[in-house]
Amino acid sequence: MKTPKMIIFDYGDTLLCEPDSDFLRGWEALFQYIKSNKNSLTPEQVNDFDSAIFSKMGPAREAGLELHQWQHQKFVCEYLGIELSVSSAAAEKILWDNVSAGAVMPNADEIIDYINANGIRSGVISNASFSEVALTERVNRLLPRNKFEFIIASSEYMFRKPNPMLFELALKKAGLSAEDVWYCGDSIKADIEGSAAIGIFPVWYEDETMENPWRGQNAPKGVLPQCEHLHIQDWNELISVLEGLK
C-alpha cells in the first residue's frame, strides 16, 4: 500500500448527509412559486405523484442509468398542469434546500484539511439525480475548505456507480492511473466493489454514529465487500493510515 496521489469521495453518507429528509416539505416550499395550478392540487398530491414517478425509475437506476432532476421536475409539473414562476435551476435549489439543508459527516472536514495539507489531490463522484451545479453548491457550502478538482454528479453523465464509466471519467479528469487513486464511500456495491473493479483502491467508510436510512441497502449486516479494501468507521482512522504510509 502506498500513499495515493488522489482520494476521490462519495457524497451521501460519506462526506455529507441529509438528516430529516422530507420531499413533502420541499414541495410545500416550491408551492410558493407556483404561477398556475390548473387542477388545484395540494403539495401532498404532487409529492405523492412525484414519489410514484421516481419509484418507476427504480429499475433503470438499478441497471446503472441516471435521471436528471430537471427532467423529473419538468415532467411532474407539466403532467400535473403546474407552472412555476422560477427557472428549473432555482426550483431545484428551493426543493432540495427544503428537503434537507444537509450536514457534515463526523470529522469529514478534518480529512479534507489533512489531505489538503499533505498535497493529496481530491474529487467527488456521487450518484445524484440533482444537478452537478446544485451538488457543487451544497458541497462547497458545507465543506468550504475543500480543494476538489471535480465534483461528478451522475445526473450529468447518464451512468450511475458501480458502472465503471464514472470512475474512468474521473481518472481521465485527474490524468492519473487507477493505482494512484483511492476511492472512499459507504456503499459496498456502488463504491467499494465498483471502484475496485477498475483498479482503484477502495476505502469502505461505515459510520455508525448517525442515522442512515440507506444503511441496510448499502451494507447489509454481515455482508462484506468481495474485494481488497480498507474498512474505517471514522475519518481520523484514515488520517492514521495515511500518516503510517509516510
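Start with the whole protein chain in view: its radius of gyration (taken over C-alpha atoms) is 19 Å, which agrees with the value near 18 Å that a compact globule of 246 residues would have. The globule rule here is 2.2 Å times the number of residues to the power 0.38. This is a predicted model, in which local features need pLDDT of at least 70 and side-chain atom pairs count only at pLDDT 80 or more, while totals for chains, interfaces and linings use all residues. Residues are numbered from 1 along each chain as its sequence is written, and side-chain values use heavy atoms, with hydrogens and water left out.

Next, show the C-alpha atoms alone. Along the principal axes, they fill a box of roughly 65 × 35 × 35 Å. Switch to a cartoon and you can look for 11 helices and 10 strands; these are DSSP runs numbered from the N terminus, with helices (H or I) of at least four residues and strands (E) of at least two.

Now turn on the surface. About 11,700 Å² is accessible, and 54% of that belongs to carbon and sulfur atoms; the areas come from the Shrake-Rupley method with a 1.4 Å probe. Of the 246 residues, 47% count as buried, meaning under 20% relative accessible area.

Time to select some rings. The structure holds 9 aromatic pairs, where rings of Phe, Tyr and Trp (its six-membered ring) pair if their centres lie within 6.5 Å. Select F9 and W235: this pair is edge-to-face (planes over 60 degrees apart), with 5.6 Å centre to centre and 70 degrees between the planes. F9 lies in strand 1 (residues 6-9) and W235 in helix 11 (residues 235-244), so the pair ties together parts that are 226 residues apart in sequence. Both F9 and W235 are buried.

Move on to F167 and Y183, another edge-to-face pair, at 5.2 Å centre to centre and with 90 degrees between the planes. You will find F167 in helix 8 (residues 164-174) and Y183 in strand 8 (residues 181-185), so this pair joins parts 16 residues apart in sequence. F167 is buried at a relative accessible area of 1%, and Y183 is buried too, at 0%.

For a last selection, add F148 and Y205 to F9 and W235: ring pairs link these four residues into a cluster. Then zoom back out to the contacts (heavy atoms within 4.5 Å). Among those between residues at least 6 apart in sequence, 75% join residues at least 24 apart.

Note on methods
Buried means under 20% relative accessible area, exposed over 50%, partly exposed in between (1.4 Å probe, protein chains only). Rings of Phe, Tyr and Trp (its six-membered ring) pair if their centres lie within 6.5 Å; planes under 30 degrees apart count as stacked, over 60 as edge-to-face and the rest as tilted.
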